[in-house]
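Q: Please take a close look at one part of this structure: its interior packing. I would like the details residue by residue, and then an account of how that part sits in the rest of the chain.

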Amino acid sequence: MIVATDTLIACEAATPGARPLGVVVRPDEGIHTLVPLEGHSVHGTGTLLVSDDGASVNIYGVGQDSDMVRVLTTRGPGTQGGALSASLDCRAYIRIGERWIRDELTIVPVQEQLYSRFGGLLETDVRREKRVLAVGLGSGGSPAVAHLVQSGVMQFDLIDPDRLEIGNIMRHVLGVSDVGRFKTKAMAEFLRNKNPCALVRTWEQPIGWDSIDLLRSLVKESDVVLGGTDNRLSKVILNRICVEESKTLILGTAFRRAYGGQVLRIRPGKSLCYQCFLQTVPEQAKDQEIASAEQAERIAYSDRPVPVEPGLSLDIAPLSHMVAKLALMELLRGTQTTLASLYEDFVAPLYIWTNRREPDTDYAQMEPLGFDIDGMHVMRWYGAAIPRNPGCPVCGDFIAELSREHHVAASSEDLQFFGASSVG
Ligand SMILES: [Zn+2]
């Protein structure tokens, strides 16, 4: 059997001609799946022939020598602009030796049925126009992005400089066959495999002062930004740009060995920012998971080595789930959504989750979960109200606060120098 999506056929059927496609072969299951040649791992090539007069096409005389599959699509008189309609007649052929044999063709109705079971539950159409920027595609970022494509988000920009290593696999949505690939490229393929209509762009660039221009242009185009990087500098940079461009940033962080974690939602002008967070609760910001040797080295600025202590995927899952949920709420904000009641629930800027009562932490002495509904326990979300820092150098009025603290009035030259517009 040969399988192709209606979106692939419809897209390619816009104009007559022969187009190369990729083929994913599963010989033991008797299935050949046609996919676009670019952005997919393929086993071989095939050709899609689009003709207005299929009867005159010689299936032996078109396509590439290496073809394993050929599909002939005949456009009827009612076909306009490549839209797939009943007037498209599709026939598939498979090569056996030197002969081309007609085979059964299944066209998967992606457009109609991919999100059909969400009816009345989620407005998948709303998110067609929305764009998500995901910075960092590790064990937290990758499942968050996966949740979003499964919720109907169609446009993604992915940034991560790393290639997938075998040590990542048990904490990642990608698998062993992706080891060695850029996380961005493999993740883009994962997303397109979930929704062939997903538009995914990728950048394999580390986040640092050098990448600010790129980052700013991507932040500007995005509707929400997910920060899943493991170092403070990248978060500081991302935070500054998101505040300046007034875009919501959601930062997920797992604590040491993922005994828990936190999700910080930064809504510029409406909540604290990451810089406020660092200044207000520095201890909270310090406790982060050490998941890689590189990260351990970065943190071990003293002569004391820092052990690599990654957590379980199971313990990171609640964090990526929360990141995705907050992102989805951000994308649906201002619309008539069936999820509207959630805006009353998720009002805090910071959410904390613990998987276990980890010794030597603030959470070691929590009461066991038992049957108690009061107090703080494992396996529950807690929203924390942390106010903005009015003197925050990123989101606050730093000069005004400084003048207030020192009981001095800033001169207009001072304001000009610091780029501030007013003193409150
Ligand atoms: Zn701030």
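A: A nonpolar core here is a set of buried Ala, Val, Leu, Ile, Met, Phe, Trp, Tyr and Cys residues joined through C-beta atoms within 7 Å. A residue is taken as buried if 20 or more other C-beta atoms lie within 10 Å of its own. The model is predicted.

The largest nonpolar core holds 67 residues, and V323 and A327 are the members that touch the most others. Helix α10 supplies the largest share of this core, 11 residues. Domain 2 (116-384) and domain 3 (390-424) each contribute at least three residues to this core. Leaving aside residues up to four places away in sequence, V323 touches G140, A144, L226, I250, G252 and V263. A second core of 20 residues is separate, and its members include I2, L34, L48 and V50.

Next, the sheet on which α10 packs. It is open, has 8 strands in the order β11-β10-β9-β12-β13-β14-β15-β16, and its pairing is mixed. The edges are β11 (199-203) and β16; each has a single partner strand, so one side of each lacks a neighbour in the sheet. From one strand to the next the twist averages 15°. Helix α10 (residues 313-332) packs on this sheet and touches β9, β12, β13, β14 (260-266), β15 and β16. The direction of α10 makes about 175° with that of β13. Within the sheet, β9 and β10 are paired in the parallel sense over 5 bridges, and one bridge partner pair is V135 with I159 in β10.

Helix α5 (residues 212-221) also packs against strands of this sheet. Its buried residues are L215, L218 and V219. Viewed down the axis of α5, these fall within an arc of 100°, so they line one face of the helix. The general background is that an α-helix has 3.6 residues a turn, so residues three or four places apart point the same way. The buried residues of α5 pack against β9 (131-135), β10 (155-159) and β12 (224-227), and also against α6.

After α6 comes a point of backbone geometry. S246 lies in the loop between α6 (232-245) and β13 (249-254), and its phi is near 55°, a positive value in a residue other than glycine. S246 counts as exposed because it has 12 C-beta neighbours inside 10 Å. Another residue of this kind is D360, with phi near 60°, again positive in a residue other than glycine. D360 is in the loop between β15 (350-354) and β16 (381-384). With 7 C-beta neighbours inside 10 Å, D360 is counted as exposed too.

The chain has another open sheet of 8 strands, ordered β7-β6-β5-β4-β2-β3-β1-β8, also with mixed pairing. Its edge strands, β7 (99-103) and β8, each pair on one side only. Neighbouring strands of this sheet are turned by 30° against each other on average, direction ignored.

Strand β1 can be followed to both of its partners. It (residues 2-5) runs parallel to β8 (residues 105-108), joined by 4 bridges, and it pairs with β3 (residues 31-35), also in the parallel sense, over 2 bridges. V3 has a residue opposite it in each case: T106 in β8 and T33 in β3. Elsewhere in this sheet, β4 (residues 44-51) and β5 (residues 67-75) run parallel and are joined by 7 bridges, with G46 standing opposite V69 in β5.

Just before β3 is E29, in the loop between β2 (17-26) and β3. E29 has 8 other C-beta atoms within 10 Å and is therefore exposed. The C-alpha atom of E29 is separated by 9.1 Å from that of M1, although the two residues are 28 apart along the chain.

Finally, the setting of these parts in the whole chain. The protein chain contains 13 helices and 16 strands, and its C-alpha trace spans about 90 × 50 × 45 Å along the principal axes. Of its 424 residues, 37% are buried. Among contacts with a separation of 6 or more, 61% are between residues 24 or more positions apart.

Terms used:
Residues numbered from 1 in each chain as written. Predicted model: local features only at pLDDT ≥ 70, side-chain atom pairs only at ≥ 80, totals over all residues. Contact = placed C-beta atoms within 7 Å. Arc of directions from axis to C-beta. Pairing = 2+ DSSP bridges. Axes fitted to C-alpha atoms, helices over the stretch in contact; angles between N-to-C directions. Domains from an automatic or database assignment.
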